[in-house]
Amino acid sequence: MNKTRMTILVLLLFGAFFSSNSTTAAVWEEDIIGIGKGWETEVYIYDTKKEGPSVLLVGGVHGDEPAGALAIKELLPELTIDIGKLVVVPEANKQALELDLRYPPGAEDLNRAFVDKEPESWTEKLAKEIYQLIEKHNIDFVFDLHEARDYYRINPDSVGQTIIFNGQGEEIFLAWDIADKINPLLFPIERFIILSPTARDSLTRRAHEELGLTTFIIETTRKQDLDVRIKQQKMVVLSALKLLGLKEDLKLEDLDLFRSH
Ligand SMILES: [Zn+2]
């Protein structure tokens with residue numbers, strides 16, 4: 001190959017590199033926290049590198065509340081966003097999910113382990129790794145998907161069908177905006193009520209108190225069939241991403257697809 005042809009080839013390759021680079025859409029990247037420690041779990045990151053909010057979405061903090069984890073896993077291929085960044089932990093406490101228990105025997109409640117001290121137990125270490133995702137990815141909003149045993153609406157000892165927020169300022173209105181979008185699609189008893197704040201030493205409470213983030217817990221009610229709860233969790237997640245401007249292509253009418261009955 002002569003020198004001129006070689007130069008042209010190099011220029012063509014360079015051109016292909018730059019043009020493909022400029023048009024390539026973001027892709028899911030996978031990270032794993034706690035590798036080899038018995039509590040490792042996957043983290044999925046979708047970074048558009050376009051200015052916009054960064055959102056942390058967590059499921060499976062409590063093992064007997066499976067709807068959030070299942071909703072996230074089923075939705076993941078559709079959770080590609082247009083701006084900002086999405087960081088997803090589908091199964092925060094895998095051991096608890098496998099046992100279908102809030103937390104494994106002898107362990108602690110993961111959602112009371114987001115403590116401001118050096119971690120001792122494996123649960124506190126797992127909590128710390130999840131919490132560190134907030135600073136690592138410059139997170140603005142946290143959504144943590146949970147379930148409760150009963151409807152708050154008829155039994156205020158439980159928090160089923162609620163959105164519980166920590167925050168101040170206009171960002172908290174997101175909780176009411178989500179409810180306004182999806183409640184018309186739900187039976188009256190299923191409609192989400194807004195509460196505040198979340199429990200002390202939970203992921204959402206600490207992220208708000210220490211870092212000033214606006215954070216939300218979504219609670220479905222285990223008295224409903226699992227497939228209904230999964231649909232409700234999906235509706236909340238998609239509504240939130242749409243309302244935050246991360247997912248422009250989603251039409252809220254599409255939420256009808258996830259109507260619970
Ligand atoms: Zn929970």
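Which residue stands opposite threonine 215 in β8? It is asparagine 166, and the pairing around these residues is a useful way into this predicted model, in which local features need pLDDT of at least 70, side-chain atom pairs count only at pLDDT 80 or more, and totals for chains, interfaces and linings use all residues. Residues are numbered from 1 along each chain as its sequence is written.

Strand β6 (residues 162–166) pairs with β8 in the antiparallel sense over 5 bridges, whereas strand β5 (residues 141–148) runs parallel to β8 and is joined to it by 8 bridges; strands are DSSP runs of E with at least two residues, helices runs of H or I with at least four, both numbered from the N terminus, and two strands pair if DSSP finds at least two bridges between them. In the parallel pairing, leucine 145 stands opposite isoleucine 218 in β8.

In a regular strand the side chains alternate between the two faces of the sheet. Thr214, Phe216, Ile218 and Thr220 on one side of β8, and Thr215, Ile217, Glu219 and Thr221 on the other, are all buried, that is, 20 or more other C-beta atoms, placed from the backbone, lie within 10 Å of their own. Because 8 of the 8 residues of strand β8 (residues 214–221) are buried, the strand is largely enclosed by the rest of the structure.

Elsewhere, helix α5 (residues 173–182) packs with helix α7 (residues 226–243) at an angle of about 120 degrees, with their axes 9 Å apart, the axes being lines fitted to C-alpha atoms over the stretch in contact and the angles running from 0 to 180 degrees between N-to-C directions.

Notes. Buried ≥ 20, exposed ≤ 12 C-beta atoms within 10 Å, placed from the backbone.
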